[in-house]
Amino acid sequence: NDNPKNMKNAMEKICKIIDKKLDYYNWIGFYMVGKQKDILELGPYIGEPTEHLNIKFGEGICGQAASTEKTFIISDVNKEKNYLSCSEKTKSEIVVPIFNKKGKVVGEIDIDSHKISPFDEKDKQFLEEVSDMIKKQYF
Ligand code: SME
């Protein structure tokens, strides 16, 4: 049950479910650490295509969440200096790391919204539960 193909399917399903449930989640996707341990690679997503297929640890909100191993909630992306823009429509973002059982970052869940400040503790809690589920099942 734990092979990469199943994980990809699971991630695609998670994207679809989240996309249907929450109208202020406008871009939903996964970035995963690949062969190069300091680079995040774009995985399954729903939303506008992004030019950021690879993101270095430390770069943008995604890269910072990976390098600091912390959830980032950005209420207004236009106020951020270290931010990688995908779409003009995006106003805010939440990024939740996915860990393996040793506590290393293996990837993350990235959500963009067209609203300012839509993400709160509940979103954080919910997405951290999803992240934990992926860890338990696949890492
Ligand atoms: N905004 C992200 C880049 C990924 S796109 O949102 C899909 C960042 O600053 O890291």
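Which element gives the most to the shell around the ligand? The exercises below work towards this and other points in a predicted model.

**Exercise 1. Describe the shell around the ligand and find the element that gives the most to it.**

Step 1. List the surroundings. The ligand is surrounded by Trp 27, Tyr 31, Ile 55, Gly 60, Ile 61, Cys 62, Tyr 83, Leu 84, Cys 86, Glu 93, Asp 110 and Asp 112.

Step 2. Sort these residues by character. Eight are nonpolar, one is polar and three are charged.

Step 3. Assign them to elements. Two or more residues of the shell come from each of strand E1 (27-33), helix H2 (60-68) and strand E6 (105-113).

Step 4. Pick the main contributor. Helix H2 gives the most, with three residues.

**Exercise 2. Find polar atoms of Cys 62, Leu 84 and Asp 112 that lie within 3.5 Å of a ligand atom, and state how much of the ligand the protein buries.**

Step 1. Look at the backbone. For Cys 62, a backbone N or O atom is 2.8 Å from an oxygen atom of the ligand. For Leu 84, a backbone N or O atom is 2.7 Å from a nitrogen atom of the ligand.

Step 2. Look at the side chain of Asp 112. One of its polar atoms lies 2.9 Å from an oxygen atom of the ligand.

Step 3. Turn to the surface of the ligand. Taken alone, the ligand exposes 310 Å², and the protein buries 100% of that.

Step 4. Place the ligand in the protein. The ligand sits in the largest cavity.

**Exercise 3. Decide whether Ser 92 is buried or exposed, and find a polar partner for its side chain.**

Step 1. Locate the residue. Ser 92 belongs to strand E5 (residues 92-99).

Step 2. Apply the cut-off. Ser 92 has a relative accessible area of 0%, and buried means under 20%. Ser 92 is therefore buried.

Step 3. Find the partner. A polar atom of the Ser 92 side chain lies 2.6 Å from the backbone oxygen of Lys 115.

**Exercise 4. Examine the positive phi values of Glu 69 and Ser 117.**

Step 1. Recall the general pattern. Most residues other than glycine have a negative phi.

Step 2. Read the angles. Phi of Glu 69 is near 60°, while Ser 117 has a phi of about 55°. Neither Glu 69 nor Ser 117 is a glycine.

Step 3. Locate the residues. Glu 69 is in the loop between H2 and strand E4 (72-74). Ser 117 is in the loop between E6 and helix H3 (121-138).

Step 4. Check accessibility. Glu 69 is partly exposed at 42%, and Ser 117 is partly exposed at 46%.

Step 5. Compare sequence and space for Ser 117. Ser 117 and Val 77 are 40 residues apart in sequence, with 9.7 Å between their C-alpha atoms.

**Exercise 5. Describe the place of Cys 86, one of the residues around the ligand.**

Step 1. Locate the residue. Cys 86 lies in the loop between E4 and E5.

Step 2. Check accessibility. With a relative accessible area of 27%, Cys 86 is partly exposed.

Step 3. Compare sequence and space. Cys 86 and Gly 47 are 39 residues apart along the chain, and their C-alpha atoms are separated by 10 Å.

Key
Residues numbered from 1 in each chain as written. Predicted model: local features only at pLDDT ≥ 70, side-chain atom pairs only at ≥ 80, totals over all residues. Heavy atoms only, no water. Near = heavy atom within 4 Å. Polar contact = N/O pair within 3.5 Å; in protein donor to acceptor, adjacent residues only side chain to side chain. Areas by Shrake-Rupley, 256 points an atom, 1.4 Å probe, with all protein chains shown as cover. 1 Å grid on protein atoms, 1.4 Å probe; cavity = no way out; pocket = protein on both sides within 12 Å on 5 of 7 lines; lining within 4 Å. Sits in = over half its atoms within 2 Å of the grid points. Helix = DSSP H or I, 4+ residues; strand = E, 2+ residues; numbered from the N terminus. Nonpolar A, V, L, I, M, F, W, Y, C, P; charged D, E, K, R; others polar. Buried < 20%, exposed > 50% of the residue type's maximum accessible area, 1.4 Å probe, protein only.
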